[in-house]
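Please walk through this structure with attention to how a ligand is held by the protein around it, and then to how one strand sits among its neighbours.

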Amino acid sequence: MSNSDETGLEARLEEQDAFEPPESFVEQANVSDSSIYEAFDENWPQCWEQAADLLDWSEEYEETLDDSNPPFYEWFTGGSLNASHNCLDRHLEERGDEAAIEWVGEPPEEDNLTYTYEDLHAEVNEFAAALRDIGVEEDDVVTMYMPMIPELPIAMLACARIGAPHSVVFAGFSADALATRMNAADSHFLVTCDGYYRRGDALDHLEKANEGLDGVEHETETVVVDRLGANDDGFGHGLSDSQRDYDELVAEHAGATVDPVERDAEDMLFLMYTSGTTGEPKGVKHTTGGYLSWVSWTSQAVLDVKPDDTYFCPADIGWITGHSYIVYGPLALGTTTMMYEGTPDYPERDRMWEIVEEYEANQFYTAPTAIRAFMKWGAEHLEDHDLSSLRLLGTVGEPINPKAWKWYYKHIGDENCPIVDTWWQTETGGMMVTGLPGVSTMKPGSAGRPLPGVDANVVDPSGEQVEPGRAGYLTIDKPWPGMLRTLYRNDERFIDEYWAEYSDTDSDDPEDWVYFPEDGAKIDDDGYITVLGRVDDVLNVSGHRLGTMEIESAIVGVEGVAEAAVVGGDHDIKGEAVYAYVITEDGHDGDEDLRDQIVAGVEDAIGPIARPESIVFTPELPKTRSGKIMRRLLEDVANDDELGDTSTLRNPDVVEDIRANVQN
Ligand code: WTA
């Protein structure tokens with residue numbers, strides 16, 4: 001954690017105010033009784049049966065929590081269920097004609113689509129039959145590399161129906177990133193598309209997918225969705241023998257039904273790769289019973305989702321937020337969930353508000369980076385829009401500064417909507433630290449208390465709780481149903497990354513096991529937690545997790561580069577931006593050409609989201625005597641802060657030299 005984070009936080013805490021939830025909201029809230037905190041504590045872990053009860057089980061579970069082999073906890077053991085049945089079939093009788101997904105495409109006027117629960121059920125069944133037909137069996141990992149088109153959740157639910165875990169790779173990731181993930185998951189199936197629209201232009205996606213497939217070590221079957229009507233002409237790729245057209249496949253299975261496969265509560269629902277401390281992405285494994293219970297319960301309790309709502313989260317399904325709070329949580333509750341294909345400022349900067357107004361959205365859940373952008377664009381973009389349908393606002397992915405919080409509260413919520421600032425991670429499956437909107441006082445900048453039944457604490461390096469107001473590390477001291485079960489095929493790394501820091505790893509007593517999310521935090525006298533940011537080598541750029549090691553290895557892969565260090569620098573909109581310090585092979589200053597190659601190298605290895613904001617060429621990097629790069633000092637340079645302690649450096653002068661290079 002850098003010093004600058006802490007001083008930034010002090011300033012934030014100083015101006016902290018408290019806001020009570022609006023009375024009109026409390027009256028109708030799914031949860032409005034504050035006794036829930038105590039009740040859950042007293043009845044832990046059985047309190048989580050309340051979450052499991054939101055689902056339809058084909059076989060009732062026998063035990064709520066099996067904690068006999070920590071940290072390999074199991075939830076709702078003995079139970080079985082199917083996620084696609086829970087998100088679709090069980091709603092058909094009462095809500096078959098209601099919209100399940102409202103899809104808003106780009107370009108805007110042309111093609112918005114409504115999928116009722118009936119429609120979605122029918123197409124999921126047809127595609128499930130098609131997947132079986134191309135050879136997908138239970139437990140095969142199916143990779144999806146798709147933008148925000150309806151076929152993405154359809155494919156996810158079709159996989160869930162036949163018990164095949166999905167692994168969704170964000171469409172903005174590069175071909176290399178796709179290949180790495182398909183190889184790591186030993187995934188033999190890919191669902192992708194020809195292209196999609198971005199700011200009115202058609203983008204070629206299949207070329208990237210094909211390039212990725214070239215790097216996959218085994219045979220694959222691919223299904224290609226025709227988003228642009230261009231499979232054979234637009235970009236001219238055509239389809240190879242192992243590639244099938246989605247529409248043709250579905251048409252071949254028109255009217256097919258596939259019985260939902262009974263999955264054990266602990267069977268894998270999906271894998272999601274996320275960035276960690278090393279260069280290799282981590283395959284986070286989520287289960288059917290615990291995960292689905294968790295996202296259903298939190299959607300109901302925190303997002304206040306009700307079946308008649310229209311719920312809008314403009315995140316991308318390629319990230320965990322979209323999995324949990326566009327697809328699984330809202331659909332499990334039988335509500336209408338929206339999907340938006342485009343960007344928030346195309347064709348105009350009022351795009352979000354146009355959609356909220358047109359669809360009368362009731363919830364709006366987005367990342368602080370988006371809110372900072374809205375704030376910068378100005379409130380005039382709201383003037384012509386009636387946002388009175390909104391009942392609740394939410395944020396996720398990074399800390400929100402009180403100024404942005406207050407802007408959101410005032411301009412989007414009209415001081416009428418509670419805001420839930422939800423702290424969680426890919427690994428936690430769903431929300432962990434956040435207020436209950438019908439119960440909790442809101443303090444801008446602070447995520448709030450841990451949810452009922454969640455045992456989150458802020459501790460010092462020895463594991464002792466820190467005094468209120470002091471910075472420490474966030475820990476979670478009891479298991480929860482939505483938790484990751486392991487890292488795919490790597491139990492050892494699972495223990496190392498998340499448990500080793502604060503647990504007695506030789507013990508089989510669950511009391512001795514503590515989950516460490518690798519975030520810094522503070523807690524106040526009321527138990528409100530303010531999350532300060534990552535304490536590992538992970539950046540949070542516009543709410544997206546990127547490993548510094550992944551970016552560094554991409555840069556070092558560029559010819560002419562000898563060494564690189566990547567850190568996060570403060571950024572008005574993105575929160576954090578990528579700053580790269582690069583040593584060239586010949587030790588000289590790099591030229592524009594090398595700069596371009598580095599940018600291209602990063603885009604090829606990861607994707608445009610990891611593009612460096614700044615590249616500084618330097619003859620040396622600040623290193624400790626043992627040869628470790630002192631990233632904290634590079635962060636100080638990036639943020640133009642006063643330098644921290646340089647006395648442990650082998651080469652103390654180098655930092656000022658680098659600073660001089662930045663200014664040149
Ligand atoms: C950060 C996104 C402050 C945190 C759901 C965490 C937050 C990482 C918040 C996980 C929040 C997420 N306040 N920080 N409300 N929510 N974070 O896996 O550092 O993409 O560890 O999951 O985002 O990012 P991930």
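The paragraphs below begin with the ligand and end with a pair of strands.

The model is predicted, and a useful place to start reading it is the ligand. There are 17 residues around the ligand, and those that come nearest are Asp-421, Thr-422, Thr-426, Asp-519 and Arg-545. Sorted by class, this shell consists of six nonpolar, six polar and five charged residues.

Which atoms of the protein lie 2.7 Å from a nitrogen or an oxygen atom of the ligand? In the side chain of Asp-421, an N or O atom is 2.7 Å from a nitrogen atom of the ligand, while in the side chain of Asp-519 an N or O atom is 2.7 Å from an oxygen atom of the ligand. The backbone also takes part, in that an N or O atom of the Glu-398 main chain lies 3.3 Å from a nitrogen atom of the ligand. On its own the ligand has 530 Å² of accessible area, and the protein covers 97% of it. Two or more residues of the shell are given by each of helix α13 (320–332) and strands β20 (419–422) and β24 (529–534).

We can now turn to strand β21, which spans residues 456–459. Are the residues on its two faces buried or exposed? Ala-456 and Val-458 on one side are buried, as are Asn-457 and Val-459 on the other, and both faces of β21 are therefore covered. Strand β21 runs antiparallel to strand β22 (residues 472–476), and four bridges join the two; within β22, Ile-476 is the bridge partner of Ala-456, a residue that is itself buried.

Notes
Residues numbered from 1 in each chain as written. Predicted model: local features only at pLDDT ≥ 70, side-chain atom pairs only at ≥ 80, totals over all residues. Heavy atoms only, no water. Near = heavy atom within 4 Å. Polar contact = N/O pair within 3.5 Å; in protein donor to acceptor, adjacent residues only side chain to side chain. Areas by Shrake-Rupley, 256 points an atom, 1.4 Å probe, with all protein chains shown as cover. Nonpolar A, V, L, I, M, F, W, Y, C, P; charged D, E, K, R; others polar. Buried < 20%, exposed > 50% of the residue type's maximum accessible area, 1.4 Å probe, protein only. Pairing = 2+ DSSP bridges.
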